[in-house]
Amino acid sequence: MSQATDSTRPTPPLTPDQSLRPDPADKPSVRYQLIGGSMVLALLLTASNPITHLSLIWPGLLLWTALALSWSQLAVATRRQAGLLMLVGFGSMGWSVMQGADLPWQTAISSNGNLLAMLMAVSFLSMVAAKEPNEEPEALSEGKKALKQTLAGVHLFGAVINMSIVFIMADRFAAASGDGKTLKNTQHQVLSRAFCAGAFWSPFFAAVAVALTYAPGANLLALMQAGIPLAFTGILITYFELRPKAESFTGYPMQISSLALPAFLALAVISAHYLFPDLSVLQIISILSPLTAMGVLLFKRQPLVQKLRNHTNTRLARMGNELALFLAAGTMAAGLGTLFTLYADQLPIPQLTPLVTSLLLLTMLILSLLGVHPVISIATISGLMVPTEPPMDLLAMVFLASWGIGTACSPMSGMNLSLRGRYFISTKQALKNNLHYGVIMWLITSVSLWYYNPL
């Protein structure tokens with residue numbers, strides 16, 4: 001299930017915003033318009049579900065339609081990986097039905113629909129994060145202050161607008177480098193570690209959405225209580241490791257006013273979760289993110305309709321990789337869940353003792369290093385563990401830690417693949433930059449998990 005193969009100078013892979021090959025025409029093709037339209041309609045149906053109570057089968061069918069339209073444009077490796085996951089899912093469902101179980105076809109169609117709706121909703125925030133073409137870029141700063149600002153900036157902004165901030169900063173760093181296209185090792189360490197640390201706690205991160213989906217009943221505030229200290233620890237480790245080299249570090253300038261958007265959204269999500277406990281965190285984010293983006297655009301008197309249309313036909317229409325991965329993983333999880341439930345009393349599934357928890361996390365991290373996407377290992381572990389009714393908060397914490405540490409350390413993670421290809425970072429160097437960080441964070445996280453849920 002490796003996500004890519006290595007080479008001396010890897011061909012630049014597609015970023016999360018470019019999962020489909022770009023259309024040569026200036027105007028989006030009919031295919032892209034259909035894909036984008038299907039995804040927007042799926043988002044609207046999912047976000048309005050608390051009011052309409054319409055079956056989630058319908059947005060699920062729209063997402064599968066978008067995937068079918070995207071399929072021929074996806075990379076061969078993505079199609080193979082998604083095909084394998086679906087084969088496992090359908091095979092497990094087929095065997096379970098033969099043994100007398102009910103066919104979970106509704107779960108297979110709609111699984112991960114809420115999660116994908118959240119990812120689509122959060123993507124709208126990138127419309128208000130980018131600078132306008134006529135805005136002058138701020139001068140890059142250097143030294144310890146620059147290191148602190150960059151760590152804080154990429155973490156807090158990344159926790160809300162996701163990978164967009166990584167490439168905004170990395171492009172500026174590369175442009176200021178000697179050859180105009182590479183990153184320093186210290187810059188790669190800061191970007192990868194500080195961004196991925198958001199997976200420990202941010203409700204806007206796919207990791208939290210996945211954890212809440214595959215550890216049903218887990219509490220967001222409990223996860224944030226455990227995750228924020230771990231994220232802060234990871235950032236502190238990075239700062240003290242790089243502080244001796246800080247004088248030569250070129251960072252990204254951050255202003256206090258720039259933190260208004262992340263702070264507002266975090267407070268809004270927590271408040272809405274408290275005021276409307278019947279709404280899931282994924283539903284709240286799916287509603288708040290697009291509304292916030294549209295409100296900011298209106299306040300700035302930007303061409304709202306044009307920007308929404310462009311975003312739909314470019315960013316959303318090119319989310320094929322995400323569609324393939326999450327829909328296929330949902331199918332696999334539905335099949336494995338039925339299969340494991342059928343044989344739950346015959347499987348030697350251990351309790352989540354401190355040792356088992358630590359070893360489970362280590363196994364997931366090793367799989368990440370081998371190129372297995374966290375959502376695949378999470379879906380598999382969930383299908384195995386959930387029928388045994390483990391402590392859901394603890395299970396979700398393990399999922400978040402595997403994402404937050406694994407994606408930072410693995411040269412095969414989507415973020416590192418993008419940075420490697422775009423800025424010519426070798427696999428060996430990417431691994432050397434962060435592997436020791438992963439070992440330290442695994443040990444610290446293991447102790448933290450024991451503390452939050454001792455058995």
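**Reading a predicted model: a tutorial**

Tutor: Let's start with a pair of side chains: those of Arg193 and Glu241 meet in a salt bridge, at 2.7 Å from N to O. Keep in mind that this is a predicted model.

Student: Where in the chain do Arg193 and Glu241 sit?

Tutor: The general idea comes first. Side chains of opposite charge can pair when their charged atoms come close. Here the pair links distant parts of the chain: Arg193 belongs to helix α10 (residues 185-196) and Glu241 to helix α12, 48 residues apart.

Student: How many salt bridges does the structure hold?

Tutor: Just one.

Student: Is Arg193 buried or exposed?

Tutor: Arg193 counts as buried because its relative accessible area is 1%, and buried means under 20%. Glu241, in contrast, is partly exposed, with a relative accessible area of 27%.

Student: Now for empty space. How many cavities of 30 Å³ or more does a search of the whole structure find?

Tutor: Again, the idea first. Rolling a probe the size of a water molecule over the atoms shows where empty space is left. In this structure, the search finds three cavities of that size. The largest cavity holds about 50 Å³ of space.

Student: Which residues line the largest cavity?

Tutor: Its lining is made of Phe200, Leu223, Ala226, Gly227, Leu230, Met397, Leu400, Ala401 and Leu449. Two elements, α12 (220-242) and α19 (392-409), each give two or more residues to this lining. The largest share, four residues, comes from α12. You have met α12 already, as the helix that holds Glu241.

Student: How do the lining residues divide into nonpolar, polar and charged?

Tutor: Eight are nonpolar, one is polar and none is charged.

Student: Let's move to the surface. Which residues form the nonpolar patch there?

Tutor: Leu369, Leu431, Leu435, Val439 and Leu443 form the patch, and together they have about 370 Å² of accessible area. Helix α21 (residues 427-452) gives the most to the patch, with four residues. Try finding Val439, which is in helix α21. Val439 is partly exposed, because its relative accessible area is 45%.

Student: One last feature: how far apart are Ala101 and Thr338 in sequence and in space?

Tutor: Along the sequence they are 237 residues apart, while in space their C-alpha atoms are 7.4 Å apart. To find Ala101, look in the loop between α4 (76-98) and α5 (105-110). Although Ala101 lies in a loop, it counts as buried because its relative accessibility is 18%.

Note on methods: Residues numbered from 1 in each chain as written. Predicted model: local features only at pLDDT ≥ 70, side-chain atom pairs only at ≥ 80, totals over all residues. Heavy atoms only, no water. 1 Å grid on protein atoms, 1.4 Å probe; cavity = no way out; pocket = protein on both sides within 12 Å on 5 of 7 lines; lining within 4 Å. Points joined across faces, edges and corners; volume = space filled by probe spheres on them. Nonpolar A, V, L, I, M, F, W, Y, C, P; charged D, E, K, R; others polar. Patch = residues over 30% accessible without salt bridge, like charges linked within 9 Å, V, L, I, M, F, W, Y side chains within 5 Å. Areas by Shrake-Rupley, 256 points an atom, 1.4 Å probe, with all protein chains shown as cover. Salt bridge = Lys/Arg side-chain N within 4 Å of Asp/Glu carboxyl O. Buried < 20%, exposed > 50% of the residue type's maximum accessible area, 1.4 Å probe, protein only.
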